[in-house]
Amino acid sequence: MHHLFRMVLGQKDLSRAGDLFSLDDSEIEDSLTEALEQIKIISSSSDYQTNNNDQAVVEICITRITTAIRETESIEKHAKALVGLWDSCLEHNLRPSGKDEDTPHAKIASDIMSCILQNYNRPPVMALAIPIAVKFLHRGNKELCRNMSNYLSLAAITKADLLADHTEVIVKSILQGNTMLLRVLPAVYEKQPQPINGHLSELLALMSQLEQPEQYHLLRLLHVAAKRKQPEVVQKCVPFLIGHLKDSAHNDVILNILIEIAGHEPLALNGFLPMLKEISERFPYLIGQVARIYGAVGHVDEQGQQDAVRACGD
């Protein structure tokens, strides 16, 4: 370890900590893993939460280390030590105090989170980080949870398979109010549909509480689920989707999902044809999609076929 790191961390010398920023990144890069391991020892000491000097030393050193990792692009080399320090924070209290101030270990977790998770496009780093990241979702720190959710959403774009093993935890976090994670579900559904199907009714019940972008992600999930042709999903989805058809913000998307369902479960829509006809009259630009549903039902139901002709004629 570089002699300055050894001095600052070994003696917890706050007066010399700032000197670390006078060193070139390349000069200290080989020392970063060892420095992180030393920080883990310091932050795990019994008096760390009340020792302002040690907290200040750790904060400065983490800032220097994460800067050097970014500048030298050496995250894969030091990821194990960085994630190890991050994981150790879970052993301590992360809930904010009454003044909404982060605890010392919540500060450490927050300071290194972006350095780790901004590398969502690096599978070796994510393989180490994601099992730890999801644990932070249930530790009572809303700000940490919110930021974590942003990064996990990005990780879902490139490495959904790494998140799939944690689908149950993600769903429970959503149901506890962390609705930002809804955008993750369409990506993990293909790998792990059952934990989502098991909570589908609860997820659908959130619709009225969601902002429009979150509603879109929930509908996107239903579209992915509909393509898998699972009767249990269809049974729950159809009444819900029909019930939201009058929402002009989403009725186009909803009809596309219903068209998907009509392709393999047309009779599931048979009882809703009058409502669909009403929607086509209220929103004429949707008549083409409605006619496709009528047509699919008509293939298996003679009365539906007659209704399809009339609906298109109207």
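**Notes on the pocket, core and domains**

1. A good place to begin is the open space: the largest pocket has a volume of about 310 Å³. Please keep in mind that this is a predicted model.

2. Which residues lie nearest the centre of that pocket? They are Lys142, Cys145, Gln176, Gly177 and Asn178, out of 16 residues that line the largest pocket. Helix α9 (residues 142–158) supplies the largest share of this lining, with three residues.

3. On the chemistry of the wall, the lining of the largest pocket is made up of eight polar, four charged and four nonpolar residues.

4. Now for the interior. The largest nonpolar core holds 104 residues, and the members that touch the most others are Trp86, Leu185, Leu241, Leu258 and Leu276. Helix α7 (residues 104–117) gives this core its largest share, eight residues. At least three residues of the core come from each of domain 1 (1–119) and domain 2 (242–313). As background, nonpolar side chains in soluble globular proteins tend to be buried together.

5. Leu241 deserves a look on your screen. Setting aside residues up to four places away in sequence, Leu241 touches Leu219, Leu222, Ile254, Ile257, Leu258 and Ile261. Among these partners of Leu241 is Leu258, itself one of the core members with the most contacts to other members.

6. Finally, the domains. The domain assignment of the protein lists domain 1 (1–119) and domain 2 (242–313). How far apart are the C-alpha centres of domain 1 and domain 2? The separation is 58 Å, and both domains contribute to the largest nonpolar core, with at least three residues from each.

Methods. Residues are numbered from 1 along each chain as its sequence is written. This is a predicted model: local features need pLDDT of at least 70, side-chain atom pairs count only at pLDDT 80 or more; totals for chains, interfaces and linings use all residues. Side-chain values use heavy atoms; hydrogens and water are left out. A nonpolar core is a set of buried Ala, Val, Leu, Ile, Met, Phe, Trp, Tyr and Cys residues joined through side-chain atoms within 4.5 Å. Buried means under 20% relative accessible area, exposed over 50%, partly exposed in between (1.4 Å probe, protein chains only). Helices (H or I, at least four residues) and strands (E, at least two) are DSSP runs, numbered from the N terminus. Domain bounds come from an automatic or database domain assignment. Contact means heavy atoms within 4.5 Å. On a 1 Å grid over the protein atoms alone, a cavity is a set of points where a 1.4 Å probe fits but cannot get out, and a pocket is an open set with protein on both sides within 12 Å along at least five of seven lines; lining residues have an atom within 4 Å of a point. Grid points are joined across faces, edges and corners, and a volume is the space filled by probe spheres set on the points. Ala, Val, Leu, Ile, Met, Phe, Trp, Tyr, Cys and Pro count as nonpolar, Asp, Glu, Lys and Arg as charged, and the others, Gly among them, as polar.
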